[in-house]
Amino acid sequence: MAEAVREFTAIGTRPIRPDGVEKVTGKANFGADFSLPGMLYGKVLRSPYAHARVKGIDLSEAKAMEGVFSVITSADFPKENPSDMSCNILAREKVLYHGHALAAVAARSQSIAEEAINSIKVEYEVLQPVLSADAALAEDAPLVDENLRTNGDESFMPSNVAATVHYERGDVDKGFEKADYIVEEEYRIPSAHQGYIEPHACVADVNEKGRASVWCCTQGAFEVRNYISEVLQKKISDIKVTPSEIGGGFGGKTVVYVEPVAVRLSELAGRPVKMVMNREEVFRATGPCSATVCRVKVGANKDGIITAAKAWMAYEAGAFPGSPVTPGCMSIFAPYDLKNFVIDGLDVLVNKPKVAAYRAPGAPQSMHAMESAVDELARKLNMDPIDLRLKNAADEGTEAPYGPKYPAIGLVECLKAAKVHPNYVNKPAKDVGRGVAVGFWFNIGMQSSAEIWVAPNGAVTIMEGSPDIGGSRASMCLMAAETLGIPYDSINAVIGDTESTGFCNLTGGSRTTFATGLAVVRACEDVIAECKRRAAMTWDLDTEQVDWENGFAVPRPGVNIEAEPLSFAELAKTAGRTGGPLVGRASVNAQGAGACFSVNWTDVTVDRDTGKVDVQAFTAVQDAGRAIHPSYVEGQMQGGAVQGIGWALNEEYIYDDNGVLENASFLDYRIPVASDVPMIDCQIVEVPNPSHPYGVRGVGETPIVAPLAATANAVREVLGFRINDLPMSPPRVLEALDNAS
Amino acid sequence: MSKVHVELNVNGQPEEVLCEPQQSLLDLLRDELHLTGTKEGCGTGDCGACTVLMDERLVCSCLVLAPEANGKKVVTVEGIADQNGLHVVQQKLLEHAALQCGVCTPGFVVAAKALLDKNPDPDETTIRYWLAGNLCRCTGYDKIIRAVQDAAQELKATTTS
Ligand code: FES
Ligand code: FES
């Protein structure tokens, strides 16, 4: 277990986060908490149709209204070569989903802004919407985009298929011939929303010279700067983005919706503009994740060795290309050492909102299919589901289905830890079903910067650019404390704006503790090098003759000098005399993020009268490489588990025949509440990542992957038959029970 | 539109505000008094991020019209800590790392304190049902529930000793 070996002093402890007090007292500023004097309120007009041609927009009444300062449509955005993002933010010739924005106003008050929006008249030619992948793939399907050709290949006729993905190895037909047991099924999952509690919000202020300042809740301030620059064709040096605290994102705040609109409104109004989405807008026009259809065929011989696997999947992209079908394809067989497989995927346009990343984008859906099929194989083989996975598990040196050979990974360790875990050894009671599944995510590295400033009393400020979405400031401070050899409490971490820290990619892909952490460690090493130089100067030695030990500069063993070790605090205090303030900096483009695997199992009961599934127990085992702050690692595992349970049991976008979302509120799109779930037991496994100085692997995304199939497999066990499609909500379970009897 | 005069007590301080009749108590707190600790997650009474106490009752401030708060005593998250420091619920949420993004936290602080004021010894199920009106998308609730259990223990220990 994580706690067993303790070779560190700071890493692996569980101190209070540096930004904690502000967050429990209400002082922390989130996206909607920022205001400026003279600020206006922006609002957006949204399409009442899922698919329509815009014949005309009459803005005259809105423009004439007292208290209205600016009114815009896409005509006020640059005309040439608009990106998909630009067309998503303000529609051009066609509106492509119900809720698609097509005009915006800025006014003195929210009520005036609303009135102005209601006064805008739009003439539409209503078109037939395409509302599912099946409908989009049908012959003679209406086209979401008349100019779209698959993979950009002009020799194809226009269609709704934006892209195809293909992976293969070996000979699947031969592989299936060798199989004694074969499972072949189709699994469908509707769209779900990221469900962050804080709606998108921003304030934009453009000055007389066109320089824009933007405050917003985002997973990446530098990405927001780039997007605004692209959409409005503004120089990035004319845009400054300050990230607020962020109230959840899960991938949904990696893109922009209101920020460029607010900038343009402010530019025309000559005043700051605040835009805050309401929850209904969040549901109708942001996120969600892809609805999917996955067909899987897996065969195994009687020893339980998987001889071949085949997958076909269609991912809805929404109204613009870009579903996560590629990572869906890459992850579906990632936990297994397969000699023969074929994977095909399609990125399909439909008249629904453009999908956004959602925690391990693409993987929960495809791996739900595979992990359900593997569960059925285990039943046919009469084999423990963990044993079956152990027989086929990928390990160091296995060629991943998407190409590279895995370096050290922790799947086998997780499976072995699960097998002997008391929660697994204790068999469930009668009428309680248990389901097991494996989760995986690639993790990413990318670019991060960090600066370290040392105060004269030895206190340290870390300046970095990764919005703290789940306690990452604490992890940065712990890694700095460990590296510098100073107390955690003397360190603070600050998230800078785009002009106060070096470039940093967004908080996402489970990269922050790994990549920004790496930058922080390197920046600390930069400070240490300077400390050694100052000590050497003080002692009249060469820098090479000085070592750094637990927060002290000491003469290297064998160096013949009588000198008291110089502490970090002393070096900081005397810095003015030895060459000026102590600072350090580093930037990285981090490689070798290190894949993260997990094993989850859950015990459930089903009420046969109501169809309600109750989760009685849930256990997550996951490889963290090295847990810097174990509580926040567990927090990721627990939060991901409950999101996954919600997806498996309840959450879904429900559309009517016209493509209108019928459940655009937290009342009708019901995410799990405290009384829906049990405690989530966690065991952290540590197989250090060789590419990080402390062995860190990202842990944020993997947790949402396994719960879907784990829950489905548990329900299968109780019912005695499988419900292939999610969510297994009460009406669907009842229907399945009816059909079965 | 003519404005409405509202007098109320917020966190022990008398306040006078002119507001639009359709504004909510949440708008009054956030936009007029600049107490932005109370959050808006939905505006429809479904998420609990806007939870405050009004005359000692838990309410979703997004569902209360500002004029309805006239003459009332309102306590927000900003009024939970006192000169002695953090309330034990706040301290335990921190010690248990029971917040990730923290946007739901103000609502949980107010709701959990109200629970412990009423029921000093709640079991896990009671805590889970009491807090069922507060959505948290990040934590899976585990650490929040443990923090509230721990806070109850600590309150018991300090009141019996
Ligand atoms: S904002 Fe009031 S309950 Fe959600
Ligand atoms: S900590 Fe993010 S919603 Fe609760």
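These are my notebook entries on a predicted model with chains A and B.

**Entry 1. Domains of chain A**

I began with the domain assignment of chain A, which gives three domains: domain 1 (20-28 + 445-590), domain 2 (34-127 + 198-247 + 253-285) and domain 3 (292-443 + 594-740). I then looked up the pair formed by domain 1 of chain A and domain 2 of chain A, whose C-alpha centres are 40 Å apart. To their contact, domain 1 of chain A contributes 14 residues and domain 2 of chain A contributes 14 residues. On the side of domain 1 of chain A that touches domain 2 of chain A, I recorded seven nonpolar, five polar and two charged residues.

**Entry 2. Helix α7 of chain A**

I next examined helix α7 (residues 221-232) of chain A, which has twelve residues. From first C-alpha to last, α7(A) reaches 16 Å, close to the 16 Å expected at 1.5 Å a residue. Is α7(A) largely enclosed, and how many of its residues are buried? Nine of the twelve residues of α7(A) are buried, so the helix is largely enclosed by the rest of the structure. I took a residue as buried if 20 or more other C-beta atoms lie within 10 Å of its own.

I listed the buried residues of α7(A) as A221(A), F222(A), E223(A), V224(A), R225(A), Y227(A), I228(A), V231(A) and L232(A). The elements of chain A against which these buried residues pack are α3 (84-89), β10 (212-216), β11 (239-243) and α8 (259-269). After α7(A) comes Q233(A), and I noted that the phi of Q233(A) is positive, near 50°.

**Entry 3. Strand β18 of chain A and its partners**

I turned to strand β18 (residues 460-464) of chain A. Four of its five residues are buried, so β18(A) is largely enclosed by the rest of the structure.

Which way do β18(A) and strand β17 (residues 446-454) of chain A run relative to each other? They run antiparallel and are joined by five bridges. One residue pair I noted is W453(A), with T461(A) in β18(A) as its bridge partner. The hairpin of β17(A) and β18(A) has five residues between the strands, and G458(A) in this hairpin takes a positive phi near 90°.

I then followed the pairing with strand β19 (residues 491-495) of chain A, where β18(A) and β19(A) are parallel over five bridges. Here T461(A) has N492(A) in β19(A) as its bridge partner. Between these two strands the chain passes through helix α15 (residues 472-484) of chain A, and the resulting β-α-β crossover is right-handed. T461(A) therefore appears in my notes twice, as the bridge partner of W453(A) and of N492(A).

**Entry 4. Backbone geometry in loops of chain A**

I checked N443(A), which is not a glycine yet has a positive phi of about 75°. N443(A) is located in the loop between β16 (433-441) and β17 of chain A. With 25 other C-beta atoms within 10 Å, N443(A) is buried.

I also looked for cis peptide bonds and noted the one from L726(A) to P727(A), with omega near -10°. P727(A) sits in the loop between α20 (706-719) and α21 (730-740) of chain A.

**Entry 5. Domains and a loop residue of chain B**

For chain B, the domain assignment gives domain 1 (4-79) and domain 2 (88-160). The C-alpha centres of these two domains of chain B are 22 Å apart. Domain 1 of chain B brings 13 residues to the contact, and domain 2 of chain B brings eleven residues. Which element gives the most to the side of domain 1 of chain B that touches domain 2 of chain B? I found strand β3 (residues 51-54) of chain B, with three residues. By class, that side of domain 1 of chain B has seven nonpolar, five polar and one charged residues.

I then checked A97(B), which has a positive phi of about 50° although it is not a glycine. A97(B) lies in the loop between α2 and α3 of chain B. It counts as buried, with 26 C-beta neighbours inside 10 Å.

**Entry 6. Contact of chain B with chain A**

Finally, I looked up the contact between the chains, which takes 45 residues from chain B and 44 residues from chain A. On the side of chain B that touches chain A, the elements giving two or more residues are α2 (88-95), α3 (105-118), α4 (124-130) and α5 (142-160) of chain B. The most comes from α2(B), with four residues. I recorded the classes on this side of chain B as 22 nonpolar, 13 polar and ten charged residues.

How values were computed:
Residues are numbered from 1 along each chain as its sequence is written. Chains are lettered from A and ligands numbered from 1 in the order in which they are written. This is a predicted model: local features need pLDDT of at least 70, side-chain atom pairs count only at pLDDT 80 or more; totals for chains, interfaces and linings use all residues. Domain bounds come from an automatic or database domain assignment. Two residues are in contact if their C-beta atoms, placed from the backbone, lie within 7 Å. Ala, Val, Leu, Ile, Met, Phe, Trp, Tyr, Cys and Pro count as nonpolar, Asp, Glu, Lys and Arg as charged, and the others, Gly among them, as polar. The expected span of a helix is 1.5 Å times one less than its number of residues. Two strands pair if DSSP finds at least two bridges between them. A crossover is right-handed if, with the strands pointing away from the viewer, the path from the first strand over the helix to the second runs clockwise.
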